[in-house]
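Ready for some practice in reading a protein model? Take a pencil, work through each task, and then compare your steps with the solution.

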Amino acid sequence: MTAPKQNMSSVLLLLCASFNRIELALSAAPPRSHLLTDSYTFESYVSDFDREYDVDSEEWEHRKGVFDDNLSTILTHNSLFYSASSDGNEIPTYTMGVNGFTDKLPSEIHLGYNKAMHPAYNPSSKTSTSRRLQSKEVPLPFKNEKVSKLPKHVDWSKNKGVVNPVRDQAGCGSCWAFATAEVLESHIAIQTGKLLKLSPQDLVSCVKNPMQCGGKGGCEGATPELGFAHVAEKGITTEENMPYSGTNGVCPAKEDENTTLRGTHKFHMKNSGMSSTAAASIAGYATIPTNDYETVMNAVAKTGPVPVAVAASRMMFHEGGVFHDETSTEINHAVVLTGYGTDEASGEDYYLVRNSWGGHWGEGGYIRIKRDSDSHCGMDTKPLDGLACKLNADGSKAEVKPVKVCGTIGILFDVSLPVGGYLVK
């Protein structure tokens, strides 16, 4: 295949972010989409991404076959993006590129967010987990205005005192923990003036999910709501105090209330329940009505970044532009809605989303997702992938129904936010 034809408006779009353990650090950058052709070989990919496959091994042959298939998909997509006419096909609004996922199969992708527990589809709403979540739920801390009254452009990532650099969840299904910690960082910074680097590992190792709400917990998945409820009770420590390991790890042991502090071990402080190493906490969390475009827009404009759930399976090769996918409805990933705007080159409205796949993915670790007030909706037919508690209080299997999700890749389906952030002295 020859290099795809370019047009200036498309090039401007380019100028204008884990799954199984994938090394995203580059030893040498692969060609960008406008230069990428089928002359880019698997051997070059192995060198660029520091893969350690033995030549002539079965693994080499298997990975080469996966790479070749994925490269073909990328090139076909980009040929439409750069073509002068669509020839009857819809012209994509974004480009695909070679990245740390190009030698991986979809079946190897582990995201870690298997959909939030939602009252409309949770027949076990009186479980202990649900009661604990509800006890930490508070009203929304803002009043809605029409979207036309909100700022035309919001980008919290530009405020270095509010948003930390993009991180990589690596081989652990901990997207929910990263989304929780990153949103907490921003809200606490907005409310206190101090930007901390909080510990996703604290959540991965310590958040309990006995009813399998949103996954099994840890690297097997959970939800930001569970994370927020935990932080409201116990607080959250810093990354420095509890570094990310990419594994379930062990929650530091609970000490007796009268025991002297030992190092950085956690224990429940007498009368407060707060962890002795907690750096910050919240009063509670609020949930946004399902599939509510106006309230989601008000939330990010008025309070800061918020965690959202998306159907991320077709995002893996995103390179640049405004991502658009009307077919994916199976919610499986937690990310952070960091702002919104309109792309100057294409005129496409977008949501600005921060991912946890490292800074080399997408647009510096971010992705712009098509935004439409008349939101496209579809049905998620696999709600047991974490939508509700998989077990009832008596241990029996919960019955759930398909669920309606709206917005591009379901971005409006499940949104929440922390309320009353504060520093723990």
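The exercises below look at helices, their packing, and a few single residues.

This is a predicted model, in which local features need pLDDT of at least 70 and side-chain atom pairs count only at pLDDT 80 or more, while totals for chains, interfaces and linings use all residues. Residues are numbered from 1 along each chain as its sequence is written, and side-chain values use heavy atoms, with hydrogens and water left out.

**Exercise 1. Helix lengths**

Compare the span of helix α5 with the span expected at 1.5 Å a residue, and do the same for helix α3.

Solution. Start with the terms: helices (H or I, at least four residues) and strands (E, at least two) are DSSP runs, numbered from the N terminus. The expected span of a helix is 1.5 Å times one less than its number of residues.

Step 1: Helix α5 covers residues 175-192, so its 18 residues should span 26 Å; the C-alpha atoms at its ends are 25 Å apart, which agrees.

Step 2: Helix α3 covers residues 58-82 and has 25 residues. From its first C-alpha to its last it reaches 36 Å, close to the expected 36 Å.

Step 3: Look just past the end of α5, where G193 takes a positive phi of about 85°.

**Exercise 2. Two helices that pack**

Describe how α5 and α7 pack, using the angle and the distance between their axes.

Solution. Two packed helices are described by the angle between their axes and the distance between the axes. Axes are lines fitted to C-alpha atoms, for helices over the stretch in contact, and angles run from 0 to 180 degrees between N-to-C directions.

Step 1: α5 and α7 (residues 224-234) pack at about 55°, and their axes are 8 Å apart.

Step 2: Angles under 35 degrees count as roughly parallel, over 145 as roughly antiparallel, 65 to 115 as roughly perpendicular and the rest as oblique. α5 and α7 are therefore oblique to each other.

Step 3: Find the residues that meet, where contact means heavy atoms within 4.5 Å. From α5 come W176, T180, V183 and L184, and from α7 come P224, G227, F228 and V231.

Step 4: Sort them by class: the contact of α5 with α7 has six nonpolar, two polar and no charged residues. Here Ala, Val, Leu, Ile, Met, Phe, Trp, Tyr, Cys and Pro count as nonpolar, Asp, Glu, Lys and Arg as charged, and the others, Gly among them, as polar.

**Exercise 3. Covered helices**

How many residues of α5 are buried, and which residues of α8 are buried?

Solution. Buried means under 20% relative accessible area, exposed over 50%, and partly exposed in between (1.4 Å probe, protein chains only).

Step 1: In α5, 15 of the 18 residues are buried, and the helix is mostly covered.

Step 2: Helix α8 (residues 293-302) has eight of its ten residues buried, so it is largely enclosed by the rest of the structure. They are Y293, T295, V296, M297, N298, A299, V300 and A301.

Step 3: Strands that cover these buried residues of α8 include β4 (284-288), β5 (306-310) and β7 (333-342).

**Exercise 4. One loop, three residues**

Are Y53, D50 and D56 buried, partly exposed or exposed?

Solution. Take the residues one at a time.

Step 1: Y53 is in the loop between α2 (42-48) and α3, and at 11% relative accessibility Y53 counts as buried. Leaving out residues up to four places away in sequence, Y53 touches F42, V46, E59, W60, R63, D103 and K104.

Step 2: D50 lies in the loop between α2 and α3, and its 48% relative accessibility makes D50 partly exposed. D50 has a positive phi of about 55° although it is not a glycine.

Step 3: D56 is also found in the loop between α2 and α3, and with a relative accessible area of 69% D56 is exposed. D56 has a positive phi of about 75°, again without being a glycine.

**Exercise 5. A residue in a strand**

Which residues does V336 contact, leaving aside its neighbours within four places in sequence?

Solution. Place V336 before listing its partners.

Step 1: V336 sits in strand β7 and is buried, with a relative accessible area of 3%.

Step 2: V336 is in contact with A179, E182, V183, P305, V306, P307, L352, V353 and R354.

Step 3: V336 and L352 are 16 residues apart in sequence and 8.5 Å apart in space, C-alpha to C-alpha.
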